[in-house]
Amino acid sequence: MTVRELLSLYQPGHSLPRALYLDPEIYQRELDAIWRRGWLFAGHSCEIPRPGDYFLYEVDTDSILVVRTESGVLAAHHNVCRHRGSLVVTAKAGRARRLVCPYHQWTYGLDGALLTCRGMPAGLDKSAYGLKPVHVREVAGLIFLSLADAPLDFAPAQQVLEPMARPQGLDRARIAHAADYAVQANWKIVWENNRECYHCNACHPQYVKANFDRYDADQLSAEVERQIAAATERSRARWEAQGLLAAPAHAGLYRFPDAAHNLWCSANRTALVEGYVTESLDGRPVAPLMGDYADADVGTLRMRTLPNFWCHASGDHAVTTRLTPAGPRLTSIRVTWLVNAEAREGRDYALDALLPFWQLTSEQDWEICERVQRGVDSRAYQPGPLSPGKEYNVDEFLRWTIHQLTHSAAPL
Ligand code: FES
Ligand SMILES: [Fe+2]
């Protein structure tokens with residue numbers, strides 16, 4: 001079947017046809033239409049605070065070097081030597097004054113300009129052989145890249161994320177821990193699972209103690225409604241005093257994405273369950289306050305951008321998740337825990353208190369996704385119906401994805 005025929009098998013309101021999770025041509029089209037078109041979360045500006053600090057982000061066959069230049073601004077370059085194509089940098093992260101290709105020592109500045117190429121004719125126009133640039137933007141300490149020639153408008157991220165994320169101080173944070181996972185599941189299965197809490201009661205014993213979004217509208221009892229109203233009331237005055245923007249606490253998962261309007265980012269702050277001021281196992285703070293916060297009870301700040309980022313932040317720490325497809329059945333996932341830049345391990349926080357909430361919840365999710373992939377691999381799999389009351393975001397995510405694949409620049 002052609003890609004067009006495979007896409008036409010999709011029935012809104014259902015999980016995807018089997019081939020859309022497995023077919024190499026569909027996967028390739030996703031790379032072109034989604035991953036090489038949208039803005040990808042790459043990492044945190046606090047990972048590379050000083051001139052010369054860099055890290056690599058590898059997406060499909062591309063290796064991208066994200067670096068802070070001499071003047072302190074961020075730059076991103078294709079990590080491909082303009083001589084005969086060697087990778088220039090091989091360490092995943094580090095610090096350098098110059099970028100020296102290990103093959104014949106062509107040497108580039110941090111801004112990507114070719115500085116020396118000993119052995120080449122004197123007349124070589126060095127200005128024509130700089131490292132190829134990659135579009136890069138920072139919003140409130142979050143670094144995004146675009147591999148597109150003409151990137152999508154970044155303004156929605158500035159407008160939506162900046163005011164919500166600014167008080168969290170992610171630009172003034174330190175990485176307390178990062179965990180890399182190779183999850184044996186298609187990247188869309190990982191997103192589908194992220195976009196519903198239908199599974200939360202059965203699969204996330206820690207998460208459900210702290211959060212209201214496990215209650216969908218069809219599960220609201222008078223008692224739960226009272227608890228949500230009380231949490232909203234408790235929070236409103238404290239948040240207003242800190243100048244924090246908030247959405248009212250509500251039942252069910254916050255609505256995202258919005259396929260009809262092609263929204264690729266969103267952010268909201270909601271209250272946690274009574275007794276929880278942070279997403280830790282017992283609800284008590286596990287690190288000093290971050291950013292501009294003056295009060296530990298800031299609820300939970302949630303942000304997500306398609307196709308590869310989400311964040312759960314509390315007053316004392318933040319946890320970001322970055323997805324990278326590594327094949328139709330494999331997704332590389334990095335989960336990063338951030339705390340106040342001044343906080344010191346052992347003095348101000350302990351990893352065994354900071355990590356478990358999102359480590360357990362994330363790993364529970366990865367296991368779910370791998371089980372789904374195994375089932376989808378089976379010839380017996382066929383698309384199943386989504387619950388309108390519980391899986392509305394899964395439906396929107398799939399509509400968004402199909403829209404990207406059918407409206408990409410490349411003809412079907
Ligand atoms: S390939 Fe880089 S200097 Fe030759
Ligand atoms: Fe989950």
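This passage looks at a helix, a loop residue and a run of strands in a predicted model.

Helix H8 covers residues 222-241, 20 residues in total. From first C-alpha to last it reaches 29 Å, close to the 28 Å expected at 1.5 Å a residue. Even so, H8 has a kink of about 30°, centred on Ser-235. Ser-235 is also one of the buried residues of the helix, along with Val-224, Ile-228, Ala-231, Thr-232 and Trp-239. What do these buried residues of H8 pack against? Their partner is strand E12 (265-270). After H8 comes Gly-243, which has a positive phi, near 70°.

The loop between H8 and E12 holds Phe-256. Phe-256 is buried, as its relative accessible area is 2%, where under 20% counts as buried. Leaving aside residues up to four places away in sequence, Phe-256 touches Arg-195, Leu-263, Trp-264, Cys-265, Ser-266, Arg-304, Leu-306 and Asn-393. Trp-187 sits 69 residues from Phe-256 in sequence, and their C-alpha atoms are 17 Å apart.

Further along the chain is strand E14 (residues 309-313), where 5 of the 5 residues are buried, so E14 is largely enclosed by the rest of the structure. Both of its faces are covered: Phe-309, Cys-311 and Ala-313 lie on one side, with Trp-310 and His-312 on the other.

E14 runs antiparallel to strand E13 (residues 300-305), joined by 5 bridges, and the two make a hairpin with 3 residues between them. On the E15 side (residues 318-325), the pairing with E14 is again antiparallel, through 5 bridges, and this hairpin has 4 residues between its strands. Phe-309 features in both pairings: its bridge partner in E13 is Thr-305, and Arg-322 stands opposite it in E15.

Definitions and conventions: Residues are numbered from 1 along each chain as its sequence is written. Chains are lettered from A and ligands numbered from 1 in the order in which they are written. This is a predicted model: local features need pLDDT of at least 70, side-chain atom pairs count only at pLDDT 80 or more; totals for chains, interfaces and linings use all residues. Side-chain values use heavy atoms; hydrogens and water are left out. The expected span of a helix is 1.5 Å times one less than its number of residues. The bend at a residue is the angle between axes fitted to the seven residues ending there and the seven starting there. Buried means under 20% relative accessible area, exposed over 50%, partly exposed in between (1.4 Å probe, protein chains only). Contact means heavy atoms within 4.5 Å. Two strands pair if DSSP finds at least two bridges between them.
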